[in-house]
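The following exercises concern one protein chain, shown below. Please attempt each task with the structure at hand before reading its solution.

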Amino acid sequence: QVQLVESGGGLVQAGGSLRVSCAASGGTFSTYHMGWFHQAPGKEREFVAAISWSGGNTNYADSVKGRFTISRDNAKNTVYLQMNSLKPEDTAVYYCAARRIMNSRSYYSTATSGYDYWGQGTQVTVSS
């Protein structure tokens, strides 16, 4: 059982930057690919970014390409999401998720059902 705890959310002005973190415990971190999702009020949870277990592969939603960067530090059991050039529409609760490595599937999924464990989320608010 993997526990995920996000941190680093907050209030930032449009055009600003923020880095959110997700610390994992209770499992072998390097046996999981990781993802970030966000959920705005009244909307479905949406894929933001994913990273393979080694950090060698990443994937991003079109809406964040060129602005957000996902990274991980397996020695610290932590995955990060660096968010630059933030826009008001980026306002949401940001969740990290863990996807167990399996030979039969890709390192990432854009569906929430593709992940095995979730954190509780951290709020990011971008003011205009």
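**Exercise 1. Locate Cys 22 and describe its surroundings.**

Step 1. Cys 22 lies in strand E3; strands (E, at least two residues) and helices (H or I, at least four residues) are DSSP runs, numbered from the N terminus. The model is a predicted one, in which local features need pLDDT of at least 70, side-chain atom pairs count only at pLDDT 80 or more, and totals for chains, interfaces and linings use all residues. Residues are numbered from 1 along each chain as its sequence is written, and side-chain values use heavy atoms, with hydrogens and water left out.

Step 2. The relative accessible area of Cys 22 is 0%, which makes it buried. Buried means under 20% relative accessible area, exposed over 50%, and partly exposed in between (1.4 Å probe, protein chains only).

Step 3. Once neighbours within four places in sequence are set aside, the contacts of Cys 22 are Leu 4, Val 5, Glu 6, Met 34, Trp 36, Asn 77, Thr 78, Val 79 and Cys 96. A contact requires heavy atoms within 4.5 Å.

Step 4. For a distance across the chain, take Ser 113, which is 91 residues from Cys 22 in sequence; their C-alpha atoms are separated by 19 Å.

**Exercise 2. Determine the strand order of the sheet that contains E3.**

Step 1. The sheet is open, and its four strands follow the order E1-E3-E8-E7 with antiparallel pairing. Two strands pair if DSSP finds at least two bridges between them.

Step 2. Strand E1 (3–7) and strand E7 (68–73) are the edge strands; each has a single partner, so one side of each has no neighbour in the sheet. On average, and with direction ignored, neighbouring strands are turned by 15 degrees against each other. Such angles are taken between axes, lines fitted to C-alpha atoms (for helices over the stretch in contact), and run from 0 to 180 degrees between N-to-C directions.

Step 3. Within this sheet, six bridges join E3 (residues 18–25) to E8 (residues 78–83) in the antiparallel sense. Opposite Cys 22 stands Val 79 of E8.

**Exercise 3. Trace the pairings of E5, and state whether E5 is enclosed or open.**

Step 1. E4 and E5 are antiparallel partners over five bridges, with Gly 35 opposite Ala 50 in E5. The two strands form a hairpin with six residues between them, and Gly 42 in the turn has a positive phi of about 75 degrees.

Step 2. E5 also pairs with strand E6 (residues 58–60), in the antiparallel sense over three bridges; here Ala 49 faces Tyr 60 in E6. This hairpin, too, has six residues between its strands, and Gly 55 in its turn shows a positive phi of about 85 degrees.

Step 3. Five of the six residues of E5 are buried, so the strand is largely enclosed by the rest of the structure.

**Exercise 4. Which residues other than glycine have a positive phi? Discuss Asn 77 and Ser 85.**

Step 1. Asn 77 has a positive phi of about 55 degrees although it is not a glycine. The residue belongs to the loop between E7 and E8 and is partly exposed, with a relative accessible area of 27%.

Step 2. Ser 85 has a positive phi near 50 degrees. It sits in the loop between E8 and E9 and is partly exposed at 42% relative accessible area.

**Exercise 5. Identify the residues with the most contacts inside the largest nonpolar core.**

Step 1. A nonpolar core is a set of buried Ala, Val, Leu, Ile, Met, Phe, Trp, Tyr and Cys residues joined through side-chain atoms within 4.5 Å. The largest has 35 residues, and those with the most contacts inside it are Leu 4, Met 34, Trp 36, Val 79, Leu 81, Met 83 and Tyr 94.

Step 2. Elements giving two or more residues to this core include strand E4 (32–39), strand E5 (46–51), strand E9 (92–100) and strand E11 (122–127).

Step 3. Take Met 83 as an example: beyond four places in sequence, its contacts are Gly 16, Ser 17, Leu 18, Val 20, Arg 67, Phe 68, Tyr 94 and Val 124.

**Exercise 6. Summarise the overall fold and dimensions.**

Step 1. The protein has zero helices and 11 strands. Its radius of gyration (over C-alpha atoms) is 14 Å, close to the 14 Å that the globule rule gives for 128 residues, so the protein is as compact as a globular protein of that length. The rule is 2.2 Å times the number of residues to the power 0.38.

Step 2. The C-alpha trace spans about 45 × 25 × 25 Å along its principal axes, and 43% of the 128 residues are buried.
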